[in-house]
Amino acid sequence: MMKGKTVVLGVTGSIAAYKAAELASQLVQVGTRVEVIMTEAATQFISPLTFRNITGRPVVTRMFELASEYSVEHVALAEAADVVVIAPATANTIAKIAAGIADDMLSCTVLATKAPVIVAPAMDVNMYENQVTQENIAKLKARGFVMVGPGYGRLASGKMGLGRLVDISEIMAAISQVLGKSGDLHGKRIVVTAGGTQEPLDPVRCLTNRSSGKMGYAIAEAARDRGAEVVLVTAPTALPRPYGIDVVQVTTAQDMYEAVQKAVGKADALIMAAAVADYRPKKMAESKIKREKADKLVLELERTPDILGEVRGNFLRVGFAAESEELVANAKEKLRKKQLDLIVANDVSAIGAETNSVVLIDRTGSIDELPTLPKREVADRILDKVASLLSS
Ligand code: CTP
């Protein structure tokens, strides 16, 4: 979605301006054309040369530099932009944009563009909390600007508070979501599950599995970046909360069952990538099980609900089959038994890994064996299939 797109990156005069160099670099690496516009104040914090070297493009710093090699017609970048990103955005620039002032190249470009604008504020907490800044931000939101952050943490003044530029990964996610808005899953609601459920034995112990949640999170993010509205029902994982996705945290298979039932209300597809426990301790001990109580401990387990087997409705149902043997045969049997539209079969070795090699089997019996790919690419291949099943 990002390849070949033009991102106009506005950098303003905040101590966080140096972080925009990393953003520019990541944008170049995913194949976007990055046109940097700096305010005069930004050039006090970081040199235009840094951006010029990273992007391989001239950097615009002044409006009236018509004779120089950096000269650009004052609305040319506004027209070329697929998206404008202001990171970091100071209170001053936010105020100017909210008021429609166009007295430098950045504010002029924002006023003139029809492209979506993403704003990542960075400022002192008192400036951020000031009523006028809050009103300006509310104005921008109401006009459809996408605000990312600010985050909480240590600020340049030494104070702790809201005002930090969010992580670059979050800004990248916002750009990728905005650019993918009219993708092939636009207007679709997709529910994805991820992670390994935890079934408590006592207040400190549980039965779980080695699922990392990476496959489910990759699917949720890929669906977001193709225009879908995504609900991610996730068991505990070590992964950061993904941007732009409605996240529902659960612990047990029963919790996940209830959350999925609730989430599929208006869904177009349910993709069950979670490793759901098939059994749970019949009784959870109310206090910690003590070692000296007995030489041997026998656990009695009972079945958990089969979420994918039981949750039915007018939406596409996609399952995963993690198998140690007879991959395709076992997966086909699960597809048939749970009456799925698509099953993604993978070897158990994929659990916790960065890559996956899967076989996709759909309700018509068509089999597609994919090579070993990073999980995000596997996610996109699964969604290609989901998009085509949804349109058929
Ligand atoms: N699944 C589910 N609820 C469960 C167990 C599994 O919804 N209680 C889902 C998984 O998320 C996956 C699919 O069913 O999408 C298949 O999971 P898997 O554990 O491979 O299959 P099972 O039917 O549990 O069979 P087995 O463990 O015996 O292989």
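How many residues surround the ligand, and which are the closest? That is where I will start. Keep in mind throughout that this is a predicted model.

The count is 16 residues around the ligand, and the closest are Met272, Ala274, Leu308, Phe320 and Lys334. Sorted by class, that shell holds 10 nonpolar residues, two polar ones and four charged ones. As for where the ligand is, it sits in the largest pocket.

Next, which elements build the shell? Helix 12, residues 307-310, and strand 16, residues 316-323, each supply at least two of its residues. Strand 16 gives the most, with four residues.

Now the polar atoms. An oxygen atom of the ligand is 2.8 Å from a polar backbone atom of methionine 272. For alanine 274, a polar backbone atom is likewise 2.8 Å from an oxygen atom of the ligand. On the nitrogen side, a ligand nitrogen atom lies 3.0 Å from a polar backbone atom of isoleucine 307. As for cover, the ligand on its own has 560 Å² of accessible area, and the protein covers 75% of that.

One more point from this part of the chain. Glutamate 326 is found in the loop between strand 16 and helix 13, the latter being residues 327-337. Glutamate 326 is not a glycine, yet its phi is positive, at about 45°. For background, most residues other than glycine have a negative phi.

Let me move to the open sheet. What is the order of its five strands? The order is 2-1-3-4-5, and the pairing is parallel. At the edges are strand 2, residues 33-38, and strand 5, residues 146-147, each of which pairs on one side only.

Inside that order, take strand 3, residues 83-89, and strand 4, residues 117-121. These two run parallel and are joined by four bridges. If you want a register point, valine 84 stands opposite valine 117 in strand 4.

Strand 3 also holds proline 88. The peptide bond joining alanine 87 and proline 88 is cis, with omega about -5°. As a reminder, most peptide bonds are trans.

There is another cis bond to look at, from glycine 149 to proline 150, with omega near 5°. Where is proline 150? Proline 150 lies in the loop between strand 5 and strand 6, and strand 6 is residues 151-154.

That brings us to strand 6 itself. Strand 6 and strand 7, residues 160-164, pair in the antiparallel sense, over four bridges. The register point here is glycine 153, which stands opposite glycine 161 in strand 7. The hairpin of these two strands has five residues between them, and in that hairpin glycine 158 takes a positive phi near 95°.

To recap, the ligand sits in the largest pocket, and strand 16 gives the most residues to the shell. The open sheet has parallel pairing, while strand 6 and strand 7 pair in the antiparallel sense. For anyone checking backbone geometry, the places to open are proline 88, proline 150 and glutamate 326. That is what I have.

Technical notes:
Residues are numbered from 1 along each chain as its sequence is written. This is a predicted model: local features need pLDDT of at least 70, side-chain atom pairs count only at pLDDT 80 or more; totals for chains, interfaces and linings use all residues. Side-chain values use heavy atoms; hydrogens and water are left out. A residue is near a molecule or strand if one of its heavy atoms lies within 4 Å of it. A polar contact is a pair of N or O atoms within 3.5 Å; within protein, one must be able to donate a hydrogen and the other to accept it, and residues adjacent in sequence count only if both atoms are side-chain atoms. Accessible areas come from the Shrake-Rupley method with a 1.4 Å probe; for residues, only the protein chains shown count as cover. On a 1 Å grid over the protein atoms alone, a cavity is a set of points where a 1.4 Å probe fits but cannot get out, and a pocket is an open set with protein on both sides within 12 Å along at least five of seven lines; lining residues have an atom within 4 Å of a point. A molecule sits in a cavity or pocket if more than half of its atoms lie within 2 Å of its grid points. Ala, Val, Leu, Ile, Met, Phe, Trp, Tyr, Cys and Pro count as nonpolar, Asp, Glu, Lys and Arg as charged, and the others, Gly among them, as polar. Two strands pair if DSSP finds at least two bridges between them.
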